[in-house]
Amino acid sequence: MHRFANPTRFFRIANAVLPVLAVVSAGLFASGLYYALFDSPADYQQGDTVRIMYVHVPAAWAAMACYATMALAGASFLIWKHVLADLAARAAAPIGAGFTLISLVTGSLWGQPMWGTWWVWDARLTSVLILFFLYLGYIALVNAFDDPDRGGRAGAVLALVGAVNVPIIKFSVDWWNTLHQPASVLRMNGPSIAPEMLLPLLLMAGAYFSLFGVMMILRLRSLYAGRRLRQLRLAAASE
Amino acid sequence: MSPFLAVIARDLRLARRQGTDIAMTLAFFVVVVALFPLGLGPTPDLLARIAPAVLWITALLAAMLSFDRLFQQDSEDGGLDQLVLSGLPLALLALAKACAHWLTTGLPMLVLAPVLAISLNLAPDSYATLVATLALGTPVVSLFGVVGAALVVGARRAGVLVALIVLPLLIPVLIFAVSAIEAAGAGLPVRVHLLFLGAILAGAIPLAPFAAGAALRQALD
Amino acid sequence: MAQLSPAPARLTATDIAVARGGRPVFAGLSLALAPGGALRLAGPNGGGKSTVLRVVAGLLSPLKGRISWDGTAITDDPGAHARRIAYLGHADALKSALTARENAEAALAVAGRASPEALDRALAALDLQRLADLPAGWLSAGQRRRVALARVVASGCPLWLLDEPTVGLDAASVGALERAIADHRTAGGMIIAATHIALDLGAGDASLDPGAFPWTAAASAFDEALV
C-alpha cells in the first residue's frame, strides 16, 4: 500500500500499465462482442434477446466492483489519510455510476421484448437502481464542499455506511419482490448457463474490468492534475 | 447531570423554545397525507390499500425536513465546537442528538399516525402494527438522519443533500414496515416483518452513532 | 519558541504544521505555557491565529507535530483534554431562543461544569445581571460576546482559548475582561488569545505570530499530503 503512496511512483507504474490495459480491453471487447453477437447460440426461450445479457450482466458486475473499490479506497483514505486513496474513491464513483446506468438501460432493453414493458420492478433491476442512487448520493456529497479534503472524507464515511447497507438493501428488495412478484415474470438468468454462453460472458467481463482499470487511471491522472493545479494556484497567491 | 443527558436536555429545551420547528415538520406530515385523498379521490378501498405506504413515505419525507435541526444550526453558530469540547465521545454525542431528534420528531409522528390512518380508512386490524412499525422504524430514521446530517455539515444545499444520501439507506425500513402493516390488514402473521425491523434497529443503535461520530470528526477538521 | 516563565511548562506544542483545505497555513510552530501564563497570538489575517487555537483545543488535527499537557500527548485522551478547555470561537455559540443565562447554563451542563455560583459571579463580572434573563436574540453583538465570555469565565477550565474576544466590546467591557483574565491567571489558569487590539493580558505575557512560521522548503516533505 505505502509503496504506491508516492504519487510520482504510482503514476510511473500506472502510465506504463495504461497502454497495455487499453489494448487488452479493446481486444477483449472485440472478441467478446464477436462471440456474444455472432458465435454463440440463441437461447431456447429468449431467442437472440439473450445476447443483451453479455453486455448487461458484466456491466452489473463491474458496477458492484466499482462500489467495492470506492468503499475500500474510502477506508484507506480515512486510515492513512493519503490523497491518492481519496482520488481513487472519487475516480471510481462516476465510472461505477456509468456501469450501473449501462446495466439499467440494457436491462430495460432486454425487458421490452421479454416482459412487454420497458421497466419491471424486478428484484435485480430494483437493487441496481438503488445502487445507482447510492452513487448519485456519493457524487453529490463529495462535490458539495469548498474544501476537497472535507468532501473526500465525508464521501469515504458515506461509502462505508453504504457498503454496510448494501446487503441489507439487497435482502429487503428480494423480500419485497417475493411479496409482490407477479408469478409469470421470467427470471433474468436461468440457474445454469451453457458453456458456449459462458465464454462470451467471461470475455465481456474481462473487457469491462480492464476498461474499468483504464478509466480509473485516466480519471486519477486528471483528478491529480486538478489537485496539483489548485495547490500551485494557492501557493502562487500566497507568495 | 451527565454530559450525555445534558445534550439531550439542551436539544429538548431548544426544541420546546423554537416550537414552530417541530410544528412545521408535523404540519408537513399532516398536509402531505391529506393530499393523497385529494389527488386520488375519496374511494375508501383505494385509500385503505395505499394507507400504509402513504403514512410511511410521508413520515420519511417529513423526517428529511427535520434533519437540518441536528447539526446545521450548531455548526453555523459555533455550538458544535462547544459540544465537541464537552469531552463526550463523538459517537455518544451523535447518539444523544439522535435521542433528542426522535423525541421531538419520531415520537410525535408515532402519536399522529394512527389519527391520520383513520382518515385514510386503514384496515382496523392494522393499527397496532402501524404503531409497532413506527416505534421500531422511526428510531432508525433518527439514527440514519444523524449520520446524514453529520456528513453534510458545512455542505452547500445541505438539506437536499441529506435527503439524497439518507433516503436510499432507509429503503429496507420502508419495505419491512409497509409489508408488516399490509400483512396485518390481510390477517397474516406480522411477527417476522417486525423482527426484521427490530434487527435493523438493533444494528443501527451501535453502528450509526459510530459512523456519525466519524463523520463529525471529519467535519471539524 | 516562546518561553514564557521560569515555571515548568504545562502546555507544550512542538513543531506543529497545519494545512487547511489543501493550503499550508504554517509549519514548525512551537509554543509552551506554564500555569499562570498568557500568550497573545498576533499577526495579519490569514496568518493562522484561529488555526493555532483550534489545534491547541484539539478541534483540528495538525499534519505534523505534538501537543502535550503535563508531558502527555493530548491525543492520548482527547476527552480529558477537551474538558480542560474553555473555547471562545469567532461565533458566540448562543441560541437566540434561550436566555443569556440558559445559554451559559446549557453549555456548562454539557461540559459537565454546571455551577450556578460560578455563573452568577461570571455574569456579575461582565455586568450582565440585568440582561441575563433576556433571550439572547434580543441582545446586541457586544452583549452577546459578553455572554459568551461569561460562559468561559464561569467554566473554571484551566486553559482559556479566546479568538478575538474583544470584537464588539466597549471600553468598560474590555476592562472587565482584563480583570477576569488577571483573576484567572492569578489562580494559575492559562490563556491564549488571538487579538490584534491592545488587550492587556497582564504581566509576563508573550506574543507569537503564526505567520512568522511560513511553509518553507524544509516542510516540503508534506507537499504530497497537500496535493
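Which side chains of chain B and chain A meet in a salt bridge? In this predicted model, the partners are Arg156(B) and Asp146(A), with N and O 2.6 Å apart. The rule finds 1 salt bridge across the interface of these two chains. Polar contacts there involve 6 residue pairs, with both residues at pLDDT 80 or more. On the side of chain B that touches chain A, the elements that give two or more residues are helix 7 (127-151), helix 8 (158-166), helix 9 (171-185) and helix 10 (191-220) of chain B. Helix 10 of chain B gives the most, with 10 residues. By type, the residues on this side of chain B divide into 24 nonpolar, 4 polar and 3 charged.

The contact draws 31 residues from chain B and 30 residues from chain A. About 2400 Å² is buried between the two chains. Carbon and sulfur atoms account for 74% of that area. Three residues, Leu151(B), Arg156(B) and Gln218(B), supply 24% of the area that chain B buries against chain A. No other three residues supply more. Arg156(B) thus appears both among these three residues and in the salt bridge to Asp146(A).

Nonpolar packing was examined next. The largest nonpolar core has 178 residues. Within this core, Leu11(C), Leu159(C) and Ile192(C) have the most contacts. Helix 3 (residues 83-115) of chain A gives the most residues to the core, 14 in number. Neighbours within four places in sequence are left aside in the contacts of Leu11(C). The partners of Leu11(C) include Leu159(C) and Ile192(C). Also among them are Leu31(C), Leu33(C), Val56(C), Ile67(C), Trp69(C) and Met190(C). Ser68(C) and His81(C) touch Leu11(C) as well. Another core lies apart from the largest one and has 34 residues. Its members include Leu123(C), Leu128(C), Ala132(C) and Ile181(C).

Salt bridges number 20 over all chains. Side chains of opposite charge can pair when their charged atoms come close. One such bridge joins the side chains of Asp86(A) and Arg227(A), at 3.0 Å from N to O. Asp86(A) lies in helix 3 of chain A and Arg227(A) in helix 6 (residues 195-237) of chain A, so the bridge ties together parts 141 residues apart in sequence. Both ends fall under the 20% cut-off for burial. Asp86(A) counts as buried because its relative accessibility is 1%. Arg227(A) is buried too, with a relative accessible area of 9%.

A second set of bridges involves Asp74(B), a residue of helix 4 of chain B. What counts Asp74(B) as buried? Its relative accessibility is 3%. Asp74(B) forms a salt bridge with Arg10(B), the closest N and O atoms being 2.7 Å apart. This pair links distant parts of the chain. Asp74(B) sits in helix 4 (residues 68-77) and Arg10(B) in helix 1 (residues 3-17) of chain B, 64 residues apart. Arg10(B) is buried, as is Asp74(B).

The side chain of Asp74(B) also meets that of Lys95(C) in a salt bridge, at 2.4 Å from N to O. This pair crosses between chains. Lys95(C) lies in the loop between strand 6 (85-88) and helix 3 (100-110) of chain C. Lys95(C) is buried, and so is Asp74(B). A side-chain polar contact joins Asp74(B) to Lys97(B) at 2.7 Å. Arg10(B), Asp11(B), Asp74(B), Asp77(B), Lys97(B) and Lys95(C) are linked in a network of salt bridges. With neighbours within four places in sequence left aside, Asp74(B) is in contact with Gly79(B), Leu80(B) and Leu83(B), among others.

Backbone angles complete the description. Most residues other than glycine have a negative phi. Lys81(A) has a positive phi of about 55 degrees although it is not a glycine. Lys81(A) is found in the loop between helix 2 (52-80) and helix 3 of chain A. With a relative accessible area of 56%, Lys81(A) is exposed. Asp15(C), also not a glycine, has a positive phi near 55 degrees. Asp15(C) belongs to strand 1 (residues 11-20) of chain C. At a relative accessible area of 31%, Asp15(C) is partly exposed.

Conventions: Residues are numbered from 1 along each chain as its sequence is written. Chains are lettered from A and ligands numbered from 1 in the order in which they are written. This is a predicted model: local features need pLDDT of at least 70, side-chain atom pairs count only at pLDDT 80 or more; totals for chains, interfaces and linings use all residues. Side-chain values use heavy atoms; hydrogens and water are left out. Contact means heavy atoms within 4.5 Å. Buried area is the accessible area (1.4 Å probe) that two parts lose on being put together, summed over both. A salt bridge is a side-chain nitrogen of Lys or Arg within 4 Å of a carboxyl oxygen of Asp or Glu. A polar contact is a pair of N or O atoms within 3.5 Å; within protein, one must be able to donate a hydrogen and the other to accept it, and residues adjacent in sequence count only if both atoms are side-chain atoms. Helices (H or I, at least four residues) and strands (E, at least two) are DSSP runs, numbered from the N terminus. Ala, Val, Leu, Ile, Met, Phe, Trp, Tyr, Cys and Pro count as nonpolar, Asp, Glu, Lys and Arg as charged, and the others, Gly among them, as polar. A nonpolar core is a set of buried Ala, Val, Leu, Ile, Met, Phe, Trp, Tyr and Cys residues joined through side-chain atoms within 4.5 Å. Buried means under 20% relative accessible area, exposed over 50%, partly exposed in between (1.4 Å probe, protein chains only).
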